[in-house]
Amino acid sequence: MISRRTFLTSVFACCLSILVWCGFTTPALALGGKLPPVNQPAPQFTLPTNTGDGEVSLSDLRGQWVVLYFYPKDFTAGCTLEAKRFQQDLPKYIEKKAQIIGVSADSIDSHAEFCDSEGLKFPLLADTTGEVSKAYGSWIGVVSMRHSFLIDPDGILRETFVKVNPAIHSTEVLARLEELQKNTV
């Protein structure tokens, strides 16, 4: 049984995500705050993870593309669907030398359970204070908004996605990644 706070947080996050998806916010100032500027260095971060060495830093990922996606809560319908789609497309991302990184305010233990439950083979980072989510304009009180960012191998933010539909988002990100990679060759 889930707690009342968890339930209300999930309902609030879903309602806010619907507002963003329906276009009631502008991209420059998304519902979660001020977005970092495109074609500028992406905000640096180091967060704990459920995989590998226990932490992931943006600087560790230099030399490869990064799909940094923020989501409200492990085990919720939209977040599960979005994660499964990224997992389904993971071989295509690997082929494009891109690393998928998921970020939410959930704990490392929750992320580990979520990955085990859904068969996810990419890292999820625990932004329990919301500090990184805030730096990316993706924080609403106690949860991360459903925003995604494409960061190039030099650490430059190349694309922002704020009106995210979890069912097709991975396909959209992959198409934009391919487009950006063609333009940089």
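**View 1. Helix H4 lies across strands S6 and S7.** In this predicted model, helix H4 spans residues 108–118 and runs at about 160 degrees to S7. The two strands beneath this view are themselves paired: S6 and S7 run parallel and are joined by 3 bridges. If you would like a spot to zoom in on, try Val103, whose bridge partner in S7 is Leu125.

**View 2. Five strands make an open sheet.** Reading across, the order is S7-S6-S5-S10-S11, and the pairing is mixed. Which strands stand at the edges? They are S7 (124–126) and S11 (157–161); each has a single partner strand, so one side of each is left without a neighbour in the sheet. From one strand to the next, the twist averages 20 degrees. As a reminder for this view, strands of a sheet pair through backbone hydrogen bonds, either parallel or antiparallel.

**View 3. Strands S5 and S6 run parallel, side by side in the sheet order.** Here S5 (residues 65–70) is joined to S6 (residues 98–104) by 6 bridges. One pair to pick out is Val67 with its bridge partner in S6, Ile100. Is S6 mostly covered or mostly open? Mostly covered: 6 of its 7 residues are buried.

**View 4. Helix H2 lies across three strands.** Residues 77–88 form this helix, and the strands it crosses are S5, S6 and S10 (148–151). Relative to S5, H2 runs at about 165 degrees.

**View 5. Helix H6 keeps its buried residues on the same side.** H6 takes in residues 169–183, 15 residues in total, and reaches 21 Å from its first C-alpha to its last, close to the 21 Å expected at 1.5 Å a residue. Which residues of H6 are buried? They are His169, Ser170, Val173, Leu174, Leu177, Leu180 and Gln181. These buried residues cover an arc of only 130 degrees around the axis, which puts them on the same side of H6. The general geometry is handy to keep in mind: an α-helix has 3.6 residues a turn, so residues three or four places apart point the same way. On the other side of H6, Thr171, Lys182 and Asn183 are exposed.

**View 6. The buried residues of H6 pack against strands and helices alike.** Among the strands, they pack against S5, S6, S10 and S11. The helices they pack against are H2 and H3 (90–95).

Technical notes. Residues numbered from 1 in each chain as written. Predicted model: local features only at pLDDT ≥ 70, side-chain atom pairs only at ≥ 80, totals over all residues. Heavy atoms only, no water. Pairing = 2+ DSSP bridges. Helix = DSSP H or I, 4+ residues; strand = E, 2+ residues; numbered from the N terminus. Axes fitted to C-alpha atoms, helices over the stretch in contact; angles between N-to-C directions. Contact = heavy atoms within 4.5 Å. Buried < 20%, exposed > 50% of the residue type's maximum accessible area, 1.4 Å probe, protein only. Expected span 1.5 Å × (residues − 1). Arc of directions from axis to C-beta.
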